[in-house]
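Welcome! Have a look at the sequence and the model below, and then we can walk through some of its details together.

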Amino acid sequence: ESDIADHIRREEEAGATDIRFLHLPSVPLPTDHTGVEEWISRIVQLHVPHIRAAVSGLACPVAALVLDIFFTPALDVSRDLAVPAYVYFTSGAAMLALLLRSPSLQDEVEGDFEGPVDVPGLPPLPPSFLPETLLDKKSPTYTWFLYTGRRYMEAKGIIVNTAAELETGVLAAIAQGRCTRGVRAPTVYPIGPAISLISPPAEQPHECVRWLDSQPPSSVLFLCFGSKGMLPPLQVHEIAHGLERSGHRFLWVLRGLPLDATMGARDPTDANLAELLPEGFLDKTKGRGLVWPTRAPQKEILAHAAVGGFVTHCGWNSILESLWFGVPMLPWPLAADQHLNAFAVVHGMGAAVPLEMDRKRGNYVQAAQLERAVRSLMGGGDEGVKAREKAMEMKRACRNAVEQSGSSYASLQRLSEELVGGAVLLPKTGST
Ligand SMILES: COc1cc(-c2[o+]c3cc(O)cc([O-])c3cc2O[C@@H]2O[C@H](CO)[C@H](O)[C@H](O)[C@H]2O)cc(OC)c1O
Ligand SMILES: O=c1ccn([C@@H]2O[C@H](COP(=O)(O)OP(=O)(O)O)[C@@H](O)[C@H]2O)c(=O)[nH]1
């Protein structure tokens, strides 16, 4: 809550005069849940009456409700007030295809997923790449997933942070109704990559960037596991051994476990490197490796000419940033949508080399598995070269898409024309 409040305060202070924030009353947070989807969804459910009151109190014409990925219950407000709703889907189109497809998968596949799963537009999907939510059909979070897939059909459109050229197959499958039993799905607007490239002014380049300045072109492997990514100490040792044996240069963002693991306090801490890393590791890799113990400027790092590969947890923003700068990936997914995103970049886009892992052991990767994958990506072999070429192709596609003549720009234009045409003046309730 305090993170969100800080963010809104920053936006307000930055003079976002064309945005008016309505502060809704807070709701009691649930203290139990079976997964992030259910938890967020229940909080949203509690907000629905406040959203309804706030929207129906608006004096201006309302063009649309734009609902975040988890705001499915707020579709009730759109229905009750007859205001069109659009979902803003912050993950990729592959994940959207799976969500839309999930109600029919429930009917087609009895019991646990055992064989390859059919997600139209993607190659056959091994169940190990499904979100954990789909792996336990008895959990309330599984029910949330299906409910979301069903109710997204009520939206007028779905805006996805992607580009048509990045996910052609799944976008075509959604548009042709192949994910929704032949029923026409809401229009999808691929409008992306939405990446903020504005960095806060700095007196001098960040230490990570200065270190990269002294490294040869395309020689450094960058490892970063997102804003919440942290790994247990045993896994940290395996990574250290894998990197050391690979012989390649690296920049590793290593975060510590949270101090307080109670609900809502899951943010990583700054790592104590002396405690976490194997003895002598920093000395042995001096000059060719940098371990950074706190948040790093990921986009500036990916933009640097010395970076030649990215070990990523496959958060969708990280994938888009990697493609934007043409950096091939080694996917190391940890949770939520990330396994499916990993599948999409390896088998859909071809811009990544696969990394073997044991998902049943918390996505555990052995040193030898990491060493092999790093050599494959960074060592000049066929697999790495192909991934690099694909990443460069995707880089061009991303940049073309957001040009005035590009596909994402055209998609944004179509959306704004539709929005302007659909504004509704709601009957006055007298509250605002
Ligand atoms: C908002 O806080 C969290 C979000 C997620 C999360 O979980 C998730 C689960 C699914 O079954 C399907 C999803 O698509 C999905 C997406 C998702 O968040 C989005 O993830 C993207 C990263 O790939 C990106 O960051 C978007 O901005 C997110 O909206 C999971 C989570 O903890 C595990 C959260 O705290
Ligand atoms: O040390 C870090 C870790 C993350 N990020 C940024 O945080 C976002 C992470 O988003 P993503 O969707 O990849 O993963 P999430 O953090 O939501 O799991 C991306 O913009 C990264 O560039 C960063 O700048 N520095």
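Which side chain has an N or O atom 2.6 Å from an oxygen atom of ligand 2? The side chain is that of Glu 321. Before going further, please keep in mind that this is a predicted model.

**Around ligand 2**

Taken alone, ligand 2 exposes 530 Å², and the protein buries 82% of that. The residues surrounding ligand 2 are Cys 224, Gly 226, Ser 227, Arg 295, Ala 296, Gln 298, His 313, Gly 315, Trp 316, Asn 317, Ser 318 and Glu 321. Sorted by class, this shell holds three nonpolar, seven polar and two charged residues. Helix H12, residues 316-324, gives the largest share of the shell, with four residues.

Two further contacts join the one with Glu 321. The side chain of Ser 227 has an N or O atom 2.4 Å from an oxygen atom of ligand 2. At Ala 296 the partner is a polar backbone atom, 2.6 Å from a nitrogen atom of ligand 2.

**Around ligand 1**

Ligand 1 has 16 residues around it, and Glu 37, Thr 90, Lys 228, Trp 316 and Asp 337 come nearest. The shell of ligand 1 is made of seven nonpolar, five polar and four charged residues. Helices H2 and H12 each supply at least two of the residues in that shell. Trp 316 is a residue to look for twice, as it appears around ligand 2 and also among the nearest residues to ligand 1.

The table lists polar side-chain atoms beside oxygen atoms of ligand 1.

| Side chain | Partner | Distance |
|---|---|---|
| Thr 90 | oxygen atom of ligand 1 | 2.8 Å |
| Asn 317 | oxygen atom of ligand 1 | 3.5 Å |
| Asp 337 | oxygen atom of ligand 1 | 2.7 Å |

On its own, ligand 1 exposes 680 Å², of which the protein buries 76%.

Asp 337 has another partner too: its side chain makes a polar contact with the side chain of Ser 91, at 2.6 Å. Ser 91 sits in the loop between strand S2 (85-89) and helix H4 (93-108). Is Ser 91 buried or exposed? Its relative accessible area is 2%, so Ser 91 is buried.

**Following the helices**

Helix H1 covers residues 2-13, and its end C-alpha atoms are 16 Å apart. This agrees with the expected span of 16 Å, because its 12 residues are counted at 1.5 Å a residue. Just after H1 comes Gly 15, which takes a positive phi of about 80°.

Helix H2, residues 36-56, can be checked in the same way. With 21 residues at 1.5 Å a residue, H2 should span 30 Å, and its end C-alpha atoms are 29 Å apart, so the two values agree. Where does H2 have a kink? The kink, of about 45°, lies at His 47, shortly before the proline Pro 49. His 47 is one of the buried residues of H2, which also include Glu 37, Trp 39, Ile 43, Val 44, Val 48 and Ile 51. Glu 37 thus links two parts of this tour: it is buried in H2, and it is among the residues that come nearest to ligand 1.

Further along the chain, Leu 146 has its place in helix H5, residues 140-151. Leu 146 counts as buried because its relative accessibility is 7%. Between Leu 146 and Pro 25 there are 29 Å in space, C-alpha to C-alpha, and the two are 121 residues apart in sequence.

**Backbone details in the loops**

Most residues other than glycine have a negative phi, and most peptide bonds are trans. A few places in the loops are worth viewing with that in mind.

Ala 82 has a positive phi, near 55°. Ala 82 lies in the loop between helix H3 (75-81) and S2, and it is exposed, because its relative accessible area is 56%.

Asn 363 also has a positive phi, near 60°. Its loop runs between helix H13 (338-349) and helix H14 (367-378). At 7% relative accessibility, Asn 363 counts as buried.

Which two residues does a cis peptide bond join? They are Gly 192 and Pro 193, and omega is about -5°. You can find Pro 193 in the loop between strand S4 (187-190) and helix H7 (207-213).

Definitions and conventions:
Residues numbered from 1 in each chain as written. Chains lettered and ligands numbered in written order. Predicted model: local features only at pLDDT ≥ 70, side-chain atom pairs only at ≥ 80, totals over all residues. Heavy atoms only, no water. Near = heavy atom within 4 Å. Polar contact = N/O pair within 3.5 Å; in protein donor to acceptor, adjacent residues only side chain to side chain. Areas by Shrake-Rupley, 256 points an atom, 1.4 Å probe, with all protein chains shown as cover. Nonpolar A, V, L, I, M, F, W, Y, C, P; charged D, E, K, R; others polar. Expected span 1.5 Å × (residues − 1). Bend = angle between axes of the 7 residues up to and from the residue. Buried < 20%, exposed > 50% of the residue type's maximum accessible area, 1.4 Å probe, protein only.
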